[in-house]
Amino acid sequence: MYKKALRVAAFGLAGVLTLTGIPAVTYAAPVAGVFQPAESAAVDTSPLSGVSLCFSDYMTRNEQDVKTADNQTPVVQQSDATGKGSLKGEYADIAIAQVDNYVNIRSEPNTDSEVVGKLYNNSAAKVYKTVDDWYQITSGTVTGYVKSEYVVRDNEELARNVSRRVATVQTDGLFVRAEASTESDKLGQVPNQEELTVTDESVDGWVKVEIEEGEGYVSMDYVTLSTEFVQAESKREEEARLAKEEAERQAALRAAEAAEAARRASRRSSGSSSSGGGSSSSGGSYSAPSGSGGSAVANYACQFVGNPYVYGGTSLTNGADCSGFVMAVYAAFGVSLPHSSSAMRGCGYEVSQDAMQPGDIVCYSGHVGIYIGGGTLVHASTPESGIKYSNVYYKTILSVRRIF
């Protein structure tokens with residue numbers, strides 16, 4: 001799986017595309033909505049340092065002109081200067097891939113030419129010209145040709161349907177209100193840089209967003225708006241991504257195995273059992289983590305069900321918020337994750353929803369949890385419900401990330 005976030009900020013007739021995450025790459029765009037790179041991306045393939053896992057954003061794909069069966073894709077973000085609505089002509093000459101997996105991008109308009117990249121299903125590309133039954137396109141860092149039969153051009157409805165409107169929080173502890181008023185009840189609270197799915201922009205000065213507690217409003221004074229599209233991956237990016245993914249997976253496994261070895265050594269030296277992983281405020285005791293795989297992560301996480309939710313918290317016993325809960329669970333296995341549900345969308349590597357396994361991190365709009373199998377999620381939900389179980393499909397899944 002490949003997920004790479006780009007933001008297009010438009011200033012009059014010029015803009016800048018900035019790749020967020022690691023590595024950071026900047027592109028020039030002559031008009032908003034045009035995915036034209038100023039130069040080739042420099043992909044960082046340096047060795048990993050430590051075991052902090054927020055690097056790879058991709059998943060393996062196979063090779064041929066049109067591939068089948070994968071419903072996850074890379075991401076491009078597009079935003080206007082005012083943050084209010086779509087730009088005029090935003091979808092002009094934009095083509096959306098409509099294939100089961102991906103279509104190859106070729107250097108010339110024929111199937112004998114070199115494959116220079118892959119345009120994934122529902123991904124966006126700028127069309128420059130038509131050559132027979134081929135389009136010359138640019139998407140992400142890739143410029144080349146695709147067969148016109150595999151993309152749909154100039155369809156604003158489709159483009160809107162395959163994109164995601166996002167509000168990025170620009171202040172600490174932003175309140176989400178039940179109604180579009182500062183006098184309205186507080187529905188929930190979200191941290192700085194959280195990326196929330198926008199569901200309505202019809203109220204002047206406010207946008208409705210989706211959070212764990214439901215849909216509510218945030219003031220436009222404290223968020224910036226963008227639109228996520230999917231984009232292509234070059235051959236060089238794919239090769240670097242595969243190598244980095246494997247390196248990250250191995251680093252996480254080594255960290256978990258080292259943590260387990262240290263626990264065993266500590267038990268041997270003290271003559272204690274494997275119990276005693278901590279106590280809750282109510283006096284309950286918990287088993288220490290055991291093992292180094294996803295199932296071990298899921299099993300460890302489940303014993304904290306019933307403990308409290310605390311905004312900004314990272315304590316499995318005395319209170320954690322959603323990302324604090326996931327972070328603390330993985331920390332027990334020697335793996336460092338960020339205290340941010342949005343940032344966790346860039347950790348480990350992407351897997352499709354139908355391939356979810358226990359221990360996978362499931363990301364939603366403004367929320368995150370741990371899959372434990374059987375269609376069930378464990379997560380720090382709300383102050384009212386605390387850490388609990390839910391159906392993993394109880395709301396729209398944005399990404400599934402695997403650490404081991």
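This passage describes the overall make-up, the main nonpolar core and two unusual loop residues of a predicted protein model. Residues are numbered from 1 along each chain as its sequence is written. In this predicted model, local features need pLDDT of at least 70 and side-chain atom pairs count only at pLDDT 80 or more, while totals for chains, interfaces and linings use all residues, and side-chain values use heavy atoms, with hydrogens and water left out.

The protein contains four helices and 29 strands; helices (H or I, at least four residues) and strands (E, at least two) are DSSP runs, numbered from the N terminus. Of its 404 residues, 54% are buried. Here, buried means under 20% relative accessible area, exposed over 50%, and partly exposed in between (1.4 Å probe, protein chains only).

A good place to look next is the interior. The largest nonpolar core has 35 residues, and those touching the most other members are Phe325, Val326, Tyr330, Leu337, Ile361 and Phe404. Such a core is a set of buried Ala, Val, Leu, Ile, Met, Phe, Trp, Tyr and Cys residues joined through side-chain atoms within 4.5 Å. Helix α4 gives the largest share of this core, seven residues. Beyond its neighbours within four places in sequence, Phe325 is in contact (heavy atoms within 4.5 Å) with residues including Ala301, Leu316, Ile370 and Val378.

Two loops also deserve a glance. Asp93, between β4 (76–79) and β5 (94–97), has a positive phi of about 60 degrees although it is not a glycine. Asp93 is partly exposed, at 26% relative accessible area. Asp132, in the loop between β8 (124–131) and β9 (134–139), has a positive phi of about 55 degrees, and Asp132 is exposed, at 73%.
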